[in-house]
There are 2 protein chains.
Amino acid sequence: MTVPDLHAVNESKVDVLVVGAGPAGYMATLWFARMGIKTKFIDKRSTKIFTGQADGLQPRVLEVFETFGFADRAAKEVATGFEATYYEPDENGRIRRIDVKPEGVPGISRFNGSVVHQGRIETWISDAIDEFSKGEIKVERPIIPEVLDINDGVDAEYPVKVVLRKLPNDYAEPNQFGHKVENGLYRQFDGDQNQQNGIDGAHVNDLEIVWAKYVIGCDGAHSWVRKRLDIEHKGETTDFVWGVLDILPITDLPDIRKRVSIHSVEDGSIMLIPREKGLVRLYIQLREVDHEEAVGDNALPNGAKKRVDRSKITADRILQAAQKIFKPYTLEAAETHWFTAYQIGQRVATAFSDPSQRVFIAGDACHTHSPKAGQGMNVSMMDTFNLAWKIAYVVKGLASPSILDTYETERKAVADDLIAFDQRLSRLYSSKPGEISMQEFRSVVEQGSAFTTGCTVNYDASILIDKPADKSREEEYHSPLAPKLNIGMRFPDAKLVMQCDARPWFINQQLLSTGQFRLLVFIGDYAQKPALREQLNGIGQYLARPENTVPEPVLQKLLIHASPQAKVEWDDFPLVFRPRDERGVMNYWLIWADTPSLHAETGHGYETYGISKDVGAAVLLRPDGYVAMVTEPTVEGVKDIYAFLSKFLVGLKPSA
Amino acid sequence: MTVPDLHAVNESKVDVLVVGAGPAGYMATLWFARMGIKTKFIDKRSTKIFTGQADGLQPRVLEVFETFGFADRAAKEVATGFEATYYEPDENGRIRRIDVKPEGVPGISRFNGSVVHQGRIETWISDAIDEFSKGEIKVERPIIPEVLDINDGVDAEYPVKVVLRKLPNDYAEPNQFGHKVENGLYRQFDGDQNQQNGIDGAHVNDLEIVWAKYVIGCDGAHSWVRKRLDIEHKGETTDFVWGVLDILPITDLPDIRKRVSIHSVEDGSIMLIPREKGLVRLYIQLREVDHEEAVGDNALPNGAKKRVDRSKITADRILQAAQKIFKPYTLEAAETHWFTAYQIGQRVATAFSDPSQRVFIAGDACHTHSPKAGQGMNVSMMDTFNLAWKIAYVVKGLASPSILDTYETERKAVADDLIAFDQRLSRLYSSKPGEISMQEFRSVVEQGSAFTTGCTVNYDASILIDKPADKSREEEYHSPLAPKLNIGMRFPDAKLVMQCDARPWFINQQLLSTGQFRLLVFIGDYAQKPALREQLNGIGQYLARPENTVPEPVLQKLLIHASPQAKVEWDDFPLVFRPRDERGVMNYWLIWADTPSLHAETGHGYETYGISKDVGAAVLLRPDGYVAMVTEPTVEGVKDIYAFLSKFLVGLKPSA
C-alpha cells in the first residue's frame, strides 16, 4: 500500500459536515438548509433506499414535518393507526381478539402515529432541503470519512479536519445473501462500515480534505464517528431473535388493517403494523433459529452469547413462523417486499460528542434498541432537530457555544427513557403467555403510548430552559401564569384566529421552523382591561427601543389577545406587532385573537394553556417549539425574558 | 395566397380534441387523463400565463380539486376569505366600515372561497394531468384550429375533422400596449383569436389534420369554435367600465386583509380581495375614461355603445381612481403585478353544442359576465367537470350518447342563474350610494353567497337524475328516505369511520373522481335489526349474481352501516363489499361505519343525510359526485337503481 500525498488532495471549507444520510442526517441537514448554513452531506451508500428499514412516524415528528412544510405529503402517503387490538390464547390455546384500545393518545396531537417506508420520508426531507437550499445541498455518495482530527484544523474557525474517500459506485451495496427479496440482513448484523481500511492505497483523486466548524456523525449503530471519538456504546444484546417481514397479505384475520399484537401459547409472538398501499409489516418472534459459534473473526462484538446464522434466515422461514402464530387464522403473501431479522439489544452511547463539542453523534450512533416501540427513526430525527439549530446559531455567531451542552443533556435523557421502555416492552413481547401477565403486557403498552407519541418529552433546566434545576423530567413544571403550559415541553396547539383576516388556524401551523425564537405576548382582554392595555403599550415601547432590538430572524414577537372583536381596533396595536418594511409594507401576520370565529370552533386557546384573560402571560419558545420560559406580560416580564436570552444571544444587552 | 395541399398534411386520430388551455380546457383534459381517454390538447398562446387573470376559487371547485388529489397544493398557496367588510360614506361623506359578515356560508363545505392567480391553478391541474396520463397528454402550443367540419370525418367513429395550424412561437403574445406592467387589456378588448385567417398561404408542415370523436371548444369569450358552430352569444355590454389592479399595498385601511366593498359618494366603488403573498386585487370603478368612436373596423362587435380607449388606461390611472375612493385612507403600491380594465357585459351562448353533439363549447365560450362574483373560472371548470366524464363514458362504449344531452340542460341553467345574479350585483356595485339602497346591496351579496360557493347547484331531472320532471332547480327535492340529501345536488360530506382500520375520514375525501358511479348502501343498524340484516344479505346476493355484475371501474359498491362496533363482525359483511382480487388480496376500503371513533368526532352521518338507522337508504352518485337517485336499501331498491342505470349503461340487463 502506498500512502497518498495529502498535499495533492482537494480541500474545502464547510460550516458543518453531516456524515450519514439516514433520518438523523437528513433532519440535521434540513435545519441547516433552512437556516442557510454551508453544509456538506455525505453517505456511504450508492443510492437512497427504496424499501424496508424503519417505517414508524410518531405524532411529534409529523408535527415537526408540518413546521417544515411537508406534513401534507406525509398525510397523502402514510397508513395511520387508530386502533390497536390484542390477540391471546383462549382456554383451548386458540388465539382470539380479547381487547381493542385506541392507538396513541387521542387528542394529544393533531397527528396520529403513521407508517410509511423510510425511503419516502427521506425523499420528502430531501425535496425540502433542495427547496430551502435552492439546490445547493445534495447528498454526495458513496463517500466515507477515513480520517477525523479535531483541533488539527486549518485555523481556529475550522478546527476539524476530515479526510473523505469516494468509493466505487458499487462498493457499498448491501450483501443480499443470495435472496431475491430485498432484505436488511447485512445492515442488521454487520453494520454499514466495517470494510473501512483507511486512506492507505487510496488514489488522491478519490480523496478530499474537508475543514469543518462542526461535524455530526449520523452514521448508524456501528458509527465510525463514534468509534473514532472512542465513545462507548453501553448495553447488551440478548438472545431473543425476531424477524421482520413486509408483505401484501392474503388472510382472514379480521383486524389485519389495525395494529395487532398476538401472543401464542408456544410459537411466539407477533406485532403487526398495517402499512401504506395495503402492505403489512410483521415483527415475528423466531423461536427456532440456527446460531453460529461466535468465535474469532466471527465473534459478536457486542456481547451476545450466540450469533444468529443469517444464511439460514429467509422470507419463507419468517412467514412460516408467522403462520404458526396466526393459527387458526390463515396468512399468505401475495407479494413480499422486504425482510430482515435482528437480535434484540439495548445500548446508549456514554457521550454524544467529543469533549470540545465540535464533533457530535446522533441517532442510531447514540442509541440502539428493538424496533417494537417504533421509535428508532423518530428519536433519531428528533436528536438532530434538537441539535442542528443550536449549531446553526453558533456558526452564525448569534449564540454562545455554551448552548451546545444542552444537546447531550436533553437527548441522552430521552435515549435513556427509550431504552428503559424498550427493555420492558421487549421482555413482555418475547415472553410466553404463561410466563408473564397478559394484562401487564397491555398495561405497559398503554402506559407507553404517551411516550411513544413523542409529545411528552420534557427537557431539563438549562441555559435554554428556565425552570428549577431540581425538577425531574418525570414531573411537569409550569408557571402559575400558565398552568397547562409545561416548561421544557413542546408548545401545545390551539385554534386561534388571525386578527388581520379572521382566518382560523391552529397556531402551530404558523409557528414554522424558521430558526426564530418566539416571544408570545398573551395580553388577555386588553381592550376591556385598562391595566392590560397599559401593559401592552409598555411592552410595545420597550421592544421598540433601539437598544432592545433583536433582529426578526432571531426573535419573532407575536401578540395573542382575548378581547371581543367589536372592541378591537387594528390601529390600537403597538407597531412592534405590525411592523412595516423599508417600503412601508406592513407585516399583518403577528397578531392573533383567541375569540370565536364566524366559521370555525375557536376561542379556547387561553383555556388550553391555562392562561387567565385577566392576567395574561409572556411565553418564550425555542426555535424547535419547546417552551423555554413563562413570565408576566409586563415590561418587567419581558425584561426577564431578555435577561434570559442575553445569557446566550451574542451582543444582546437589553436596557434595564 | 396558395391553398396548401391537404393530402400532404400529417393526420392523426384522437378520441377528443380540447381547444384552449384555460380553466375549462384544463378541467376537461384532467378528466380525460384520469379516465384514460386519448386526448389532444391545444392552445394558441406560446406559454402558460404567469400573472393576473382570474383568481377566485369557490368551495365547490376546491372540493373537486380534492377528488383529483391536489386540494392540498391549493391549501398551501391560496389566500382564503373568512370575513367580508362593507365601507360606506358617513353623513360627512367619509367612508367607514359599517358591517362585517362571514364570507361564504359557514359550514357549507370544508373549504372556504380562496384566491390565487390562475397560472398556479393551471399548474396544479397540469401536474395532475401529467401524473394520470403518465406524461402522455401535454398542452401543444401555439396552435389554432383553422377548419372544423362535422360529419366530414374519416369514418363514423371519428366524424369530426379539424385542421390545426402551428403558429410561430411569438405569434400569439398579447399586445401589452407599451406598458411595462403585465396587463390583460389585449385579451379583454380584442379577444384571443381575431388574427385568424384560415389555411390559405399556410405551409403544409405547419398544418395537421385531426380526426376526432369529440371536440370541446374551451377557447374563451371570443370562441372561434362557437363562431364556427354559428351559435349566438346572446346578451349585451354596458357602458360601466372597471379597472382591475393586482398590487402589494401600502395602506392604513385596517381591513386590507379582508374582503372589502367600498361605495364612495361620488368617486365610484371598489371591491377588494386579498391575494396570496400579501397582494391584493382591487376592482375599481372607472368613472372617468376616454371612449373611442365605435365605427368601422373599430366597431365594438358585441353591442356596447362606446368602446373604451384602452391606450389611455394605465396602472397609475387605475390606482389614482382607487385612491380617491379610499379616502380618508391612503393607498400606494409597493409592487404592481398586473392590471386590466373591462366593460361590464352579460352574455350566454344560445346552445352549448352543435346539433349532433359532437362539438361542444364550455367556459367563457358559453357565458361571459363581470368578474365581481368571482365565478368565471369556477363555472368554466365546473362546465367541463360536468361534460368530460360523460364524453369519456360514450367514447369508451360504456354509455349511450343520450347522456350528452344533460350537459347543456345542466350547465345552461347554471349559466343563466349566474348571469341573472351578475346583472343584479353589477348594477348595485356600479351605482352610487344615493341611487341604490346600501342595505339592498349587502343583502344581495349575502343572498348570493350560497350561490357563489358553487355548492348549491341543483341539476334538473334527466336520464342522469332521478326526480320528478316538474321540480324546479330552485326547489330542493329529496326522497323521504333521506330528507337532507337533495337529488340533483352534490353529495354533502360527513365524517365516518372506515370499518377495517377505524380511521375517521370525511367520506368525500375517499369518493375520488375515478369515473365510477357509486352505490352507497346505508344499511342502518343491521346488526341489531334482523330485517335490515336480511336486506343486506339479499342485496349482497343480488349484486353478486353474474348477470348483475357491473365492472368496478363503472360502479363502486359501498356499505355504510350504523351498528355499534361491538356488534359487528368483519366476516358478517357480504363479500361483494369486501371482494378479493384474483390473487386473494381483499379490498378493505368499501365498508364504512357511522359510529363514534376513539379519536375523532364521528357518528353523525345518518343525521347529516336525514337517513333513519332503522330504515336506511340506497343512494346512487354520479362520477361527478351529484346525487342521481335515492331508493330503499332492499333488493327491490337496488333493482330500481339498476333499472335506472340500464337506461344509459351499455349492455346492462339486470335480472328481475
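**Exercise 1.** In this predicted model, find which residue of β22(A) Lys495(A) stands opposite, and place the pair in its sheet.

Solution. Start with the partner: Lys495(A) stands opposite Phe506(A) in β22(A). Next, look at the strands: β21 (residues 495-498) of chain A pairs with β22(A) in the antiparallel sense, over three bridges. Then widen the view to the open sheet of seven strands, whose order in chain A is β22-β21-β25-β24-β23-β26-β27, with mixed pairing. Its edge strands are β22 (504-506) and β27 (627-631) of chain A, each of which pairs on one side only. On average, neighbouring strands here are turned by 30° against each other, direction ignored. Last, add the helix: α13 (residues 635-646) of chain A packs on the sheet and touches β23, β24, β26 and β27 of chain A. The direction of α13 makes about 150° with that of β27(A).

**Exercise 2.** Decide whether α9(A) is roughly parallel or antiparallel to α10(A), and describe their contact.

Solution. Take the angle: helix α9 (residues 405-430) and helix α10 (residues 438-453) of chain A pack at about 155°, with axes 10 Å apart. Angles over 145 degrees count as roughly antiparallel, so α9(A) is roughly antiparallel to α10(A). The crossing is left-handed. Residues in the contact include Leu418(A) and Phe421(A) of α9(A), and Phe441(A) and Val444(A) of α10(A). By class, the contact has ten nonpolar, three polar and four charged residues.

**Exercise 3.** Work out how chain B is related to chain A.

Solution. A rotation of 180° with 0.1 Å of shift along its axis superposes chain B on chain A, with an RMSD of 0.0 Å. The two copies are therefore related as by a two-fold rotation axis. In chain B, the C-alpha nearest this axis belongs to Asp72(B), 3.4 Å away.

Methods
Residues numbered from 1 in each chain as written. Chains lettered and ligands numbered in written order. Predicted model: local features only at pLDDT ≥ 70, side-chain atom pairs only at ≥ 80, totals over all residues. Heavy atoms only, no water. Axes fitted to C-alpha atoms, helices over the stretch in contact; angles between N-to-C directions. Helix = DSSP H or I, 4+ residues; strand = E, 2+ residues; numbered from the N terminus. Parallel < 35°, antiparallel > 145°, perpendicular 65-115°, else oblique. Left-handed = near helix turned anticlockwise from the far one by under 90°. Contact = heavy atoms within 4.5 Å. Nonpolar A, V, L, I, M, F, W, Y, C, P; charged D, E, K, R; others polar. Least-squares fit on C-alpha atoms with pLDDT ≥ 70 in both. Pairing = 2+ DSSP bridges.
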